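Please look over the sequence and the 3D model below. Then read on for a short tour.

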Amino acid sequence: MGQALEIAKSALATNDVPVGAIVIDSNGKIIGRGYNRREVDHDSTAHAEIVAMREASKAITNWRLEDCTIVVTLEPCAMCAGAIAQARIKRVVFGAWDEKAGAVGSVWDVLRDPRSPHRTEVISGVREAEAVALLNEFFTKLR
């Protein structure tokens, strides 16, 4: 999570919400990194998770990230949770809860819905205070 938090700070330079993500393979190697790039890329899908998953898929030349873990500083939204399920990611670890748009337990629970064909383990609240502080700092300056 420490590396995801450091990566999240990169989004600050682009005036985007500071969210960072890393994808880790079954050997513990980071194979994908990403931060929110919506503003700089003019792309509504350029969330940290999507950016990290794209890099990870290229690194292993496979869209299936079955034995991987994604670590993200903010609870994934519905789009990202859906992409995580489609990639068959084994585990999601996140820091801060997103009470407005979270889709891994807050507003929705896409990844653990019993109708979903793929089950993903979810670990929440890891270094939550640090992730929340980073987000609060960004939104305080924005206002």
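This report covers a helix pair, a nonpolar core, two core-side residues and three loop residues. The model is predicted.

**Two packed helices**

Two packed helices are described by the angle between their axes and the distance between the axes. Start with helix 3, residues 48–60, and helix 4, residues 78–86. Their axes lie 9 Å apart, and the packing angle is about 25°. Angles under 35 degrees count as roughly parallel, so helix 3 is roughly parallel to helix 4. The crossing of helix 3 past helix 4 is left-handed.

Which residues make the contact? Helix 3 supplies E49, I50 and M53. Helix 4 supplies M79, C80, A83 and I84. Sorted by class, the contact of helix 3 with helix 4 holds six nonpolar residues and one charged residue, with no polar ones.

**The nonpolar core**

In soluble globular proteins, nonpolar side chains tend to be buried together. Here, the largest nonpolar core has 40 residues. Which of them touch the most other members? They are V23, M53 and L111.

Several elements give two or more residues to this core. The helices are helix 1 (2–8), helix 3, helix 4 and helix 5 (128–142). The strands are strand 1 (20–24), strand 2 (30–35), strand 3 (69–74) and strand 4 (91–96).

Take M53. Leaving out residues up to four places away in sequence, M53 touches V23, L65, I70, A83, I84, A87 and I89. Among these are A83 and I84, which also belong to the contact of helix 3 with helix 4.

**Two buried residues**

Now follow I84. This residue sits in helix 4. Is I84 buried or exposed? Its relative accessibility is 0%, so I84 counts as buried. Beyond its neighbours within four places in sequence, I84 contacts M53, I70, P76, I89, V92, L111 and T120. Both M53 and L111 are among the residues that touch the most other core members. I84 is also 18 residues from E66 in sequence, and their C-alpha atoms are 9.8 Å apart.

V104 has another setting. V104 lies in the loop between strand 4 and strand 5 (121–123). Its relative accessible area is 0%, so V104 is buried. Setting aside neighbours within four places in sequence, V104 is in contact with E75, P76, A81, F94, W97, D109, L111, R112 and V122. Along the chain, V104 and I123 are 19 residues apart. Their C-alpha atoms are separated by 9.7 Å.

**Three loop residues**

Next come three residues in loops. Compare their places and accessibilities.

| Residue | Loop between | Relative accessibility |
|---|---|---|
| N15 | helix 1 and strand 1 | 60%, exposed |
| N62 | helix 3 and strand 3 | 29%, partly exposed |
| R88 | helix 4 and strand 4 | 31%, partly exposed |

Why does N15 count as exposed? Exposed means over 50% relative accessible area, and N15 has 60% relative accessibility. R88, at 31%, counts as partly exposed.

Backbone angles add a further detail. Most residues other than glycine have a negative phi. N15 is not a glycine, yet its phi is positive, near 60°. R88 is not a glycine either, and its phi is positive at about 65°.

N62 offers a distance to check. N62 and A13 are 49 residues apart in sequence. Their C-alpha atoms are 31 Å apart in space.

Notes: Residues are numbered from 1 along each chain as its sequence is written. This is a predicted model: local features need pLDDT of at least 70, side-chain atom pairs count only at pLDDT 80 or more; totals for chains, interfaces and linings use all residues. Side-chain values use heavy atoms; hydrogens and water are left out. Axes are lines fitted to C-alpha atoms, for helices over the stretch in contact, and angles run from 0 to 180 degrees between N-to-C directions. Helices (H or I, at least four residues) and strands (E, at least two) are DSSP runs, numbered from the N terminus. Angles under 35 degrees count as roughly parallel, over 145 as roughly antiparallel, 65 to 115 as roughly perpendicular and the rest as oblique. A crossing is left-handed if the near helix is turned anticlockwise from the far one by less than a right angle, and right-handed if clockwise. Contact means heavy atoms within 4.5 Å. Ala, Val, Leu, Ile, Met, Phe, Trp, Tyr, Cys and Pro count as nonpolar, Asp, Glu, Lys and Arg as charged, and the others, Gly among them, as polar. A nonpolar core is a set of buried Ala, Val, Leu, Ile, Met, Phe, Trp, Tyr and Cys residues joined through side-chain atoms within 4.5 Å. Buried means under 20% relative accessible area, exposed over 50%, partly exposed in between (1.4 Å probe, protein chains only).
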